[in-house]
Amino acid sequence: MINYIITLFEINMDNVLVIGSGFLGGNIVNEFRNNEIQVIGTNYNKNSNDEIHFDITNVDSIISCVKKYSPQVIINCAANVNVDDLENNEKLAFSINAYGAENIARVCKNNKIRLLHISSDAVFDGKKGMYVEEDVTNPVNIYAKSKMLGEKLISKNLENYVIIRTNFYGFHKQDKFLFNWILSKLKNNERFPGFNDVFFNPLEVTNLSKMIYELSEKNFCGILHLSSDEIFSKFEFATKISEFFGFDSNLIKKASIDELGLNAKRPKNTTLVNNKAKNLLDTKIQKLDSWLRDIQNKIDV
């Protein structure tokens, strides 16, 4: 069991490095810039002029970047999350999600850098739900096993770290991820399954980014669950979106995830208890309905 570390560290955020500036990482970069903190975004595939090419499986790549930019804080969002593909490619899963995280932790230790690492609610087996930070992890697929090992290797190699277990949703400008997929199906009048036996309590991605920004300034080390107070089945989540925008909710077919025959097994209830985060952070949790009201005039429905 990984527990809290009580060592106190001085927090200095003159320079922040966000590894993996994809959906979550890109939002985190924006949050730091909004707060006038110098931040560098990196990506394995360089997608814009603002991004730096970065390979966490290559220690020299990490060392070179750290020497060039001298970050005081690193936020690691880099991961391979292709759950079904990774079930048949264990080597790839562990090289990125476990040993890549270990590489970052070792470089952080050698350079006295604070590390915030994004883990996953998937490290739990989903048999009971409402997991606290101290609960024993028991992953059910290769992706989750690699994320669990990443947590262990960080805690083994570094003291000044925060492991963030979470799940998130949001509007993606390139039409990817869960919310956009649901919206696309509804707009195109296509029937699709909504799982009534899979439960989660995700945060909206910009809300999560604000929490991570605040957490980066806190003198806290250990594991922390960042999650919403709202628990949904995937069916309920899709139905909420459908009803808010006035689509036909009959397009959402109530189903069990067991019916899909997916390559990788999925945990059914990965809800997280967030009491420690709420006691530590001032950032308020935004409810799904509130966020939908905020974006309804910003997206094409």
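# A walk from S233 through the strands and helices

At 2% relative accessibility, S233 counts as buried, since the cut-off for that label is under 20%. Keep in mind as we go that this is a predicted model. You'll find S233 in strand β12, which covers residues 232–233. What does S233 touch, once its neighbours within four places in sequence are left aside? The contacts are F195, N196, V198, F199 and F200.

Now jump back towards the start of the numbering, to strand β1 (residues 15–19). β1 runs parallel to β2, and five bridges join the two. One place to see the pairing is N15, whose bridge partner in β2 is Q38. To get from β1 to β2 the chain goes through helix α1 (residues 23–34), and this β-α-β crossover is right-handed. β2 itself, residues 38–43, is mostly covered, with five of its six residues buried.

Before the chain reaches β2, have a look at the loop that follows α1. E36 sits in that loop, between α1 and β2. Its phi is positive, about 60°, although E36 is not a glycine. Is E36 buried or exposed? With 76% relative accessibility, E36 counts as exposed, because the line for that is drawn at over 50%.

D175 makes a nice companion to E36. D175 is not a glycine, and yet it has a positive phi of about 60°. The loop holding D175 lies between β7 (168–169) and α7 (177–187). D175 counts as exposed because its relative accessibility is 56%.

Back to the strands. β1 also pairs with β4, in the parallel sense, over four bridges; there I19 stands opposite N76 in β4. β4 in turn pairs with β5, again in the parallel sense and over four bridges, and here V73 stands opposite R114 in β5. So which way do the side chains of β4 (residues 73–76) point? V73 and I75 point one way, I74 and N76 the other, and all of them are buried.

Next come the helices. Two packed helices are described by the angle between their axes and the distance between the axes. For α2 (residues 59–69) and α5 (residues 99–111), the axes come within 10 Å and cross at roughly 40°. That crossing is right-handed. On the α2 side, the residues that meet α5 are V59, I62, I63 and V66; on the α5 side, they are N103, I104, V107 and N111. Sorted by class, this contact has six nonpolar residues, two polar ones and no charged ones. The spacing of such residues makes sense because an α-helix has 3.6 residues a turn, so residues three or four places apart point the same way.

α5 turns up again when you look at helix α4 (residues 90–97). Buried in α4 are A93, F94, I96 and N97. What do the buried residues of α4 pack against? They pack against α3 (83–86), α5 and α6 (142–157).

With α6 in view, finish at T137, in the loop between β5 (114–118) and α6. Although it sits in a loop, T137 is buried, with a relative accessible area of 19%; that value falls on the buried side because the cut-off is under 20%. Leaving aside neighbours within four places in sequence, T137 is in contact with V123, F124, M148 and R165. As for N89, 48 residues away from T137 along the chain, the C-alpha atoms of the two are separated by 22 Å.

Notes:
Residues numbered from 1 in each chain as written. Predicted model: local features only at pLDDT ≥ 70, side-chain atom pairs only at ≥ 80, totals over all residues. Heavy atoms only, no water. Axes fitted to C-alpha atoms, helices over the stretch in contact; angles between N-to-C directions. Left-handed = near helix turned anticlockwise from the far one by under 90°. Contact = heavy atoms within 4.5 Å. Nonpolar A, V, L, I, M, F, W, Y, C, P; charged D, E, K, R; others polar. Buried < 20%, exposed > 50% of the residue type's maximum accessible area, 1.4 Å probe, protein only. Pairing = 2+ DSSP bridges. Right-handed = clockwise from strand over helix to strand, strands pointing away.
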